[in-house]
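Colleague: I should like to learn how to read the architecture of a protein model, feature by feature. May we work through one example together?

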Amino acid sequence: MSDIIADIKARLNIEDVVSHYVQLKQSGKNFKGLCPFHQEKTPSFMVSPDKQIAYCFGCHKGGDAIKFIQEVEGVEFKDAVKILADKAGINMADYQFTGDNTGLKSEKNELYEMHGVALAFYEKELWNTENGAKVLEYLRRRGLTDETIRFFHFGLAPDSFDQTQLQLVKAGYSRKMIALGGLAIAKNTQADNVYDRFRARLMIPIYDSLGKIVGFGGRALKKDDQPKYLNSPDSPIYSKSEVLYGYNFAKDAIKRDDNVVLVEGYFDVIMSHQAGVTNTVATSGTALTIQQIKLIKRFTKNMVFSFDTDKAGIDAAKRGFELAQHESMNVQVITGLAVKDPADFIKEKPDEWRGLIAKSIPFMQFCIEDVIASNDTKSLQGKKKILASLMPFFHMLTSSFEKDYFVRELSQKLDIKEVVIYDEMKNRRTVEIVQNIKNTDSKAKESRKIDSMDLFLGLVFEHPVLLEENFNVIPEKMLEENEKSIYKVFKDNYNLLRAEGRRKDFLACLDGDIQQRIQMISLFVDELYAAYSEDMIKGEAKKLLDKVMKKLLNQQNREISAQIRIAEKEGDLKAAKELLEQLQKLVSS
Ligand SMILES: [Zn+2]
């Protein structure tokens, strides 16, 4: 495993790996961006090409490329290695693995593969059967080209209760696994008796952000079949709230255009792609969620909503807007698409579709115009009503610049003073913050904070001479086991640390985790003390060591005091006396 990791690191730059998820800006010799692990408005996420480390000063998450991928994709170490090997164009099969890699496939991997087998079966049904030919005819009539049908891997589930499961059983999957993945429905709790979930449906595969197939959307082909769209249920590999349909196909375009178009259905996405608007995605089976917005935010802060202009559609868009505001996204709205079926519109008028996107307006402006259009702006009653219906949206705006802009706009349109609108805002209770916002940051808190000892060692790593000057300030026996070991490695290998070009050898003396930690801390130190002169840094190091000493003394103090209490309780007066002397010495030192 270590060879492949070295090869991956040799071929990939951390900044390239990270820039797929975070927009980075150069900042001195490092890069900076908004942290993907916690919510923030000013960038505290640093990427160091020198150190090949990415690290957040806000939530203290990060590490090397592998650690970064593990955290950002939520995958295990091995999967992170696989993802990076792919990116680096390294064939994992060229490396010999020992240990657990040869063992049983994980349940998740089995589910991914099973979906692949099912998809191959469905595609064959579409392209190689008589029924399939009819469906293809229907798709072509709807305006899909064969290229599009193949690109999105459409398939056909046969009109049968067991053909899909029989294919999968033949390929070695248990009925329990088939039901777990949602491709069949269990008739009993043991799930040894199941029937196919998707029957006589056009099958649209759904992929996760990495392009792995995780489920299907099945469109009814018979007129009376309900529901019109039947989706895979959530499973160990599929969580509706975390997947955006089309995201895997749209990623590059979203990044390139610095914009995403959010539509409502599979066919809207597909038609939009066919019309050349390849930065289009849709939610499937849920309203827009915060996790989905975070997926988008990896590549852009700009969203264009296209939604049904009926009440349900507008309500959903408003909720989406509120969530997007919490992630500081810019939300534009497509207006003038008052059609029942956007997919048909896009097919027939691809140029107009692109024009509508280009002419999209800020969501807030849309709200103001929408409310004004349906109320009387002249009467007092009308003005009151307009203000009341717009207040929730003013509360949602997180940018004070935008708030100011739209307050001014509204005050002109209603011919009332701006201060009246601000007063109204104050009087109304703030809209409730959407629940799941709270959950998103809880994970970030687990990681350990940086303390004085860390900072001191980080400074020493950057300025080794500091250690020499303070070599014996901290008596070794005062350091805790863990800290002692790092501190001791620093002391024992001081020569390596000092020698030009031997830093790598020095780092090699430390455990992997500690290596990364030291590098992260040194990056932090770099940033924190960037403007410090050499003398100021020396002063800072002394201060840090003082703090460390104080902390250690306090700790010893507490420990000895506790021992004295025990000794006294047990009547061991001699021991108690000795301990007391020790304590006095400690306090007076
Ligand atoms: Zn962070």
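Modeller: We shall proceed from the whole chain to its domains, sheets, helices and a single residue.

Colleague: Which secondary-structure elements does the chain have, and how many of each?

Modeller: Please bear in mind that this is a predicted model. The chain has 28 helices and 17 strands. Its C-alpha atoms fill a box of roughly 95 × 75 × 55 Å, taken along the principal axes. Of the 589 residues, 35% are buried. Among contacts between residues at least 6 apart in sequence, 61% join residues at least 24 apart.

Colleague: Into which domains is the chain divided?

Modeller: The assignment gives domain 1 (2-102), domain 2 (107-238), domain 3 (247-356), domain 4 (367-441) and domain 5 (452-588). The C-alpha centres of domain 2 and domain 5 are separated by 60 Å.

Colleague: How should one read a sheet, and what is the strand order in the one that contains S1?

Modeller: Strands of a sheet pair through backbone hydrogen bonds, in either a parallel or an antiparallel manner. Here 5 strands form an open sheet, ordered S1-S2-S3-S4-S5, with antiparallel pairing. Strand S1 (25-27) and strand S5 (62-63) are the edge strands, each pairing on one side only. Within the sheet, strand S2 (residues 30-33) and strand S3 (residues 45-48) are joined in the antiparallel sense by 3 bridges, and Gly-33 has Phe-45 in S3 as its bridge partner.

Colleague: Which strands of this sheet does helix H26 touch?

Modeller: Helix H26 (residues 512-528) packs on the sheet and touches S3, strand S4 (53-56) and S5. The direction of H26 makes about 65 degrees with that of S4.

Colleague: In what order do the strands of the sheet with S6 and S11 run?

Modeller: That open sheet has 4 strands in the order S6-S9-S10-S11, and the pairing is again antiparallel. Strand S6 (155-157) and strand S11 (229-231) stand at the edges with a single partner strand each, so one side of each has no neighbour in the sheet. From one strand to the next, the twist averages 35 degrees. Strand S10 (residues 213-220) and S11 run antiparallel and are joined by 3 bridges; Gly-218 stands opposite Leu-230 in S11. Helix H5 (residues 107-128) packs on this sheet, touching S6, strand S9 (201-207) and S10, and its direction makes about 95 degrees with that of S6.

Colleague: How does one describe helix packing, and at what angle do the axes of H3 and H4 cross?

Modeller: Two packed helices are described by the angle and the distance between their axes. The axes of helix H3 (residues 65-73) and helix H4 (residues 77-88) come within 9 Å and cross at roughly 110 degrees, which means that H3 is roughly perpendicular to H4. On the H3 side, Ala-65, Ile-66, Ile-69, Gln-70 and Glu-73 meet Phe-77, Ala-80, Val-81, Ile-83 and Leu-84 of H4. By class, this contact comprises 8 nonpolar, 1 polar and 1 charged residues.

Colleague: Why is helix H12 described as largely enclosed?

Modeller: In helix H12 (residues 290-297), 6 of the 8 residues are buried, so the helix is largely enclosed by the rest of the structure. The buried residues are Ile-290, Gln-292, Ile-293, Leu-295, Ile-296 and Lys-297.

Colleague: Finally, where is Asn-13 found?

Modeller: Asn-13 lies in the loop between helix H1 (2-11) and helix H2 (14-19). With 13 other C-beta atoms within 10 Å, Asn-13 is partly exposed. Asn-13 and Ala-65 are 52 residues apart in sequence, and their C-alpha atoms are 8.2 Å apart in space.

Methods. Residues are numbered from 1 along each chain as its sequence is written. This is a predicted model: local features need pLDDT of at least 70, side-chain atom pairs count only at pLDDT 80 or more; totals for chains, interfaces and linings use all residues. Axes are lines fitted to C-alpha atoms, for helices over the stretch in contact, and angles run from 0 to 180 degrees between N-to-C directions. Helices (H or I, at least four residues) and strands (E, at least two) are DSSP runs, numbered from the N terminus. Angles under 35 degrees count as roughly parallel, over 145 as roughly antiparallel, 65 to 115 as roughly perpendicular and the rest as oblique. Two residues are in contact if their C-beta atoms, placed from the backbone, lie within 7 Å. Ala, Val, Leu, Ile, Met, Phe, Trp, Tyr, Cys and Pro count as nonpolar, Asp, Glu, Lys and Arg as charged, and the others, Gly among them, as polar. Domain bounds come from an automatic or database domain assignment. Two strands pair if DSSP finds at least two bridges between them. A residue is buried if 20 or more other C-beta atoms lie within 10 Å of its own, exposed if 12 or fewer, and partly exposed in between; C-beta atoms are placed from the backbone.
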